[in-house]
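The following exercises are to be worked through with the sequence and the structure in view. Each task is followed by a solution in steps.

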Amino acid sequence: MNKWKDRLFVAGAVMVLAGALLQITRWPVAPYLYLVGALPFAFLQLSGGCEGADVVERRLRRQQMLGAVLLVVAGLMMLFLHHNEWVACLSIAAVLELYTAFRLPSPPAHP
């Protein structure tokens, strides 16, 4: 059950990266590729929930959820604004995701 979630998460992350890199070249399909990756990536992060009782862990999970939502917003900005405003949104999302990736404790390994 968790293997397919892990694979979907990685595939979404790869599509987000590819879509963001291709958006720089103004390839017309790039925003769609980005969004196809951002939606499952964000969904899987949002469905994780705040299971920790620690106040710091709950705050970090909320920051991670905000980063996930901002990834989707950046994709929508790619589609509808047609300038480089999406870069600011993506940068904020990336900082939040990177910060929480290092600060949140890793989940226990599943067999």
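**Exercise 1. The surroundings of Leu 79**

Leaving out residues up to four places away in sequence, Leu 79 touches Pro 31, Tyr 32 and Leu 35. The model is a predicted one.

Task: Determine in which helix Leu 79 lies, and whether Leu 79 counts as buried or exposed.

Solution.
- Step 1. Locate the residue: Leu 79 belongs to helix H3.
- Step 2. Recall the cut-off: a residue is buried when its relative accessible area is under 20%.
- Step 3. Apply the cut-off: the relative accessibility of Leu 79 is 17%, so Leu 79 counts as buried.
- Step 4. Consider a residue further along the chain: Ile 92 is 13 residues from Leu 79 in sequence, and their C-alpha atoms are 18 Å apart in space.

**Exercise 2. Fold and dimensions**

Task: State how many helices and strands the protein chain has, and compare its radius of gyration with that of a compact globule.

Solution.
- Step 1. Count the elements: the protein chain has four helices and zero strands.
- Step 2. Read them in order along the sequence: the pattern is α-α-α-α.
- Step 3. Compare the radii: a compact globule of 111 residues would have a radius of gyration near 13 Å, and the 15 Å of the protein chain agrees with this.
- Step 4. Add the extents: the C-alpha trace spans about 45 × 30 × 20 Å along its principal axes.
- Step 5. Turn to the contacts: among those with a separation of 6 or more, 59% join residues 24 or more positions apart.

**Exercise 3. The largest nonpolar core**

Task: Identify which residues touch the most other members of the largest nonpolar core.

Solution.
- Step 1. Name the residues: in this core of 20 residues, Tyr 34, Leu 71, Trp 86 and Leu 90 touch the most other members.
- Step 2. Trace the core to the helices: H1 (2-24), H2 (30-46), H3 (55-80) and H4 (85-103) each supply at least two of its residues.
- Step 3. Find the main contributor: H3 gives the most, with eight residues.
- Step 4. Follow one member: apart from neighbours within four places in sequence, Leu 90 is in contact with Ala 20, Tyr 34, Leu 71 and Ala 74.

**Exercise 4. Partly exposed residues**

Task: Classify Leu 66, Val 87 and Arg 26 by relative accessibility.

Solution.
- Step 1. Recall the limits: partly exposed lies between buried, under 20%, and exposed, over 50%.
- Step 2. Leu 66 lies in helix H3; its relative accessibility is 45%, so Leu 66 is partly exposed. Its C-alpha atom is 26 Å from that of Val 29, 37 residues away along the chain.
- Step 3. Val 87 is placed in helix H4; its relative accessibility is 37%, so Val 87 is also partly exposed. Val 87 and Leu 76 are eleven residues apart in sequence, with 12 Å between their C-alpha atoms.
- Step 4. Arg 26 is in the loop between H1 and H2; with a relative accessible area of 44%, Arg 26 is partly exposed.
- Step 5. Examine the backbone: most residues other than glycine have a negative phi. Arg 26, in contrast, has a positive phi, near 60°.

**Exercise 5. Surface and charge**

Task: Describe what the protein chain exposes and where its charges lie on average.

Solution.
- Step 1. Buried residues make up 35% of the 111 residues.
- Step 2. About 7,100 Å² is exposed, of which carbon and sulfur atoms supply 73%.
- Step 3. The 9 positive and 6 negative charges have mean positions 2 Å apart.

Key
Residues are numbered from 1 along each chain as its sequence is written. This is a predicted model: local features need pLDDT of at least 70, side-chain atom pairs count only at pLDDT 80 or more; totals for chains, interfaces and linings use all residues. Side-chain values use heavy atoms; hydrogens and water are left out. A nonpolar core is a set of buried Ala, Val, Leu, Ile, Met, Phe, Trp, Tyr and Cys residues joined through side-chain atoms within 4.5 Å. Buried means under 20% relative accessible area, exposed over 50%, partly exposed in between (1.4 Å probe, protein chains only). Contact means heavy atoms within 4.5 Å. The radius of gyration is taken over C-alpha atoms; the globule rule is 2.2 Å times the number of residues to the power 0.38. Accessible areas come from the Shrake-Rupley method with a 1.4 Å probe; for residues, only the protein chains shown count as cover. Lys and Arg count as positive and Asp and Glu as negative; His and the chain ends are not counted. The place of a charge is taken as NZ of Lys, CZ of Arg, CG of Asp or CD of Glu.
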